[in-house]
Amino acid sequence: IRYEIGDIGTLSNKSCPCGLPLPLLESVEGRITEFITTPAGGYVSPVYLRHLVGVVHGDGAIQRFQFVQKSAATYALALQLEPSCPAHVFEKLTYLLRRDLERVLGTGATLAITRQARLPESESGKFLYVRNHYHGG
């Protein structure tokens, strides 16, 4: 068993069917390096960000996106849209995403939203939708 791997999860209030009195893991939210902190010190789950951007506002136009925390209050959202996606769709997405993300991030947050032709995989070869460069992720 590895400890200190940085996973964040939710404990279950259920008992293990095997009868052992040990706690059960309900779900894994992600790695601590993927959690975003707000200027007020709160945490935003990468699961929430992937759902808000990719599902709520995805609307078929977004191929990929990457949300990055750059400093305590500076964030960037890069969108890789369908190549044929017109500029007015990007402008509407930008408005809606800024509105919803600024509510979540709170007062003092600065958010830059850009359109990218291609969002590359990370150094490890995985594509990371959420990264926290401020806390070393």
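Contact here means heavy atoms within 4.5 Å. With that in hand, let's work through some exercises together. The model is a predicted one, in which local features need pLDDT of at least 70 and side-chain atom pairs count only at pLDDT 80 or more, while totals for chains, interfaces and linings use all residues. Residues are numbered from 1 along each chain as its sequence is written, and side-chain values use heavy atoms, with hydrogens and water left out.

**Exercise 1. The overall layout**

Task: find how many helices and strands the chain has, and in which pattern they follow along the sequence.

Solution. Start with the rule: helices (H or I, at least four residues) and strands (E, at least two) are DSSP runs, numbered from the N terminus. By that rule the chain has two helices and eight strands. Reading along the sequence then gives β-β-β-β-α-β-β-α-β-β.

Next, look at burial, where buried means under 20% relative accessible area, exposed over 50%, and partly exposed in between (1.4 Å probe, protein chains only). Of the 137 residues in the chain, 34% are buried. Finally, take the contacts between residues at least 6 apart in sequence: 57% of them join residues at least 24 apart.

**Exercise 2. The surroundings of Gln 66**

Task: place Gln 66 in its element, decide whether it is buried or exposed, and list what it touches.

Solution. First, Gln 66 sits in strand β5. Second, its relative accessibility is 16%, so Gln 66 counts as buried. Third, setting aside residues up to four places away in sequence, Gln 66 touches Ala 76, Leu 77, Ala 78, Leu 119, Phe 127, Leu 128, Tyr 129 and Arg 131. Last, zoom in on Leu 128: its backbone oxygen is 2.6 Å from a polar atom of the Gln 66 side chain.

**Exercise 3. Helix α2 and the core**

Task: describe the span of α2, its buried residues and what covers them.

Solution. Begin with the length. Helix α2 covers residues 87–105, 19 residues in total, and runs 26 Å from its first C-alpha to its last, close to the 27 Å expected. That expected span is 1.5 Å times one less than the number of residues. After the helix comes Gly 106, with a positive phi near 90 degrees.

Now the buried side: Phe 90, Leu 93, Thr 94, Leu 96, Leu 97, Asp 100, Leu 101 and Leu 105 are buried in α2. Their cover includes β3 (36–37), α1 (46–56), β5 (62–69), β6 (74–81) and β7 (110–116).

Then turn to the core. A nonpolar core is a set of buried Ala, Val, Leu, Ile, Met, Phe, Trp, Tyr and Cys residues joined through side-chain atoms within 4.5 Å. The largest one has 23 residues, of which Ile 36, Phe 67, Leu 77, Leu 79, Leu 97 and Leu 101 touch the most other members. Two or more residues each come from α1, β5, β6, α2 and β7, and α2 gives the most, with five.

Asp 100 is a good residue to finish on. Its relative accessible area is 12%, so Asp 100 is buried. Beyond its neighbours within four places in sequence, Asp 100 is in contact with Leu 52 and His 57. Its side chain also makes a polar contact with the side chain of Arg 99 at 2.8 Å. A polar contact is a pair of N or O atoms within 3.5 Å; within protein, one must be able to donate a hydrogen and the other to accept it, and residues adjacent in sequence count only if both atoms are side-chain atoms.

**Exercise 4. The face of α1**

Task: find which residues of α1 are buried, and where they lie around the axis.

Solution. The buried residues of α1 are Pro 46, Leu 49, Leu 52 and Val 53. Seen down the axis, they fall within an arc of 135 degrees, so they line one face of the helix. The arc is taken from the directions from the helix axis to the C-beta atoms.

**Exercise 5. Aromatic pairs**

Task: classify the pair of Phe 65 and Tyr 129.

Solution. Rings of Phe, Tyr and Trp (its six-membered ring) pair if their centres lie within 6.5 Å; planes under 30 degrees apart count as stacked, over 60 as edge-to-face and the rest as tilted. The structure holds four such pairs. For Phe 65 and Tyr 129, the centres are 5.0 Å apart and the planes at 50 degrees, so the pair is tilted.
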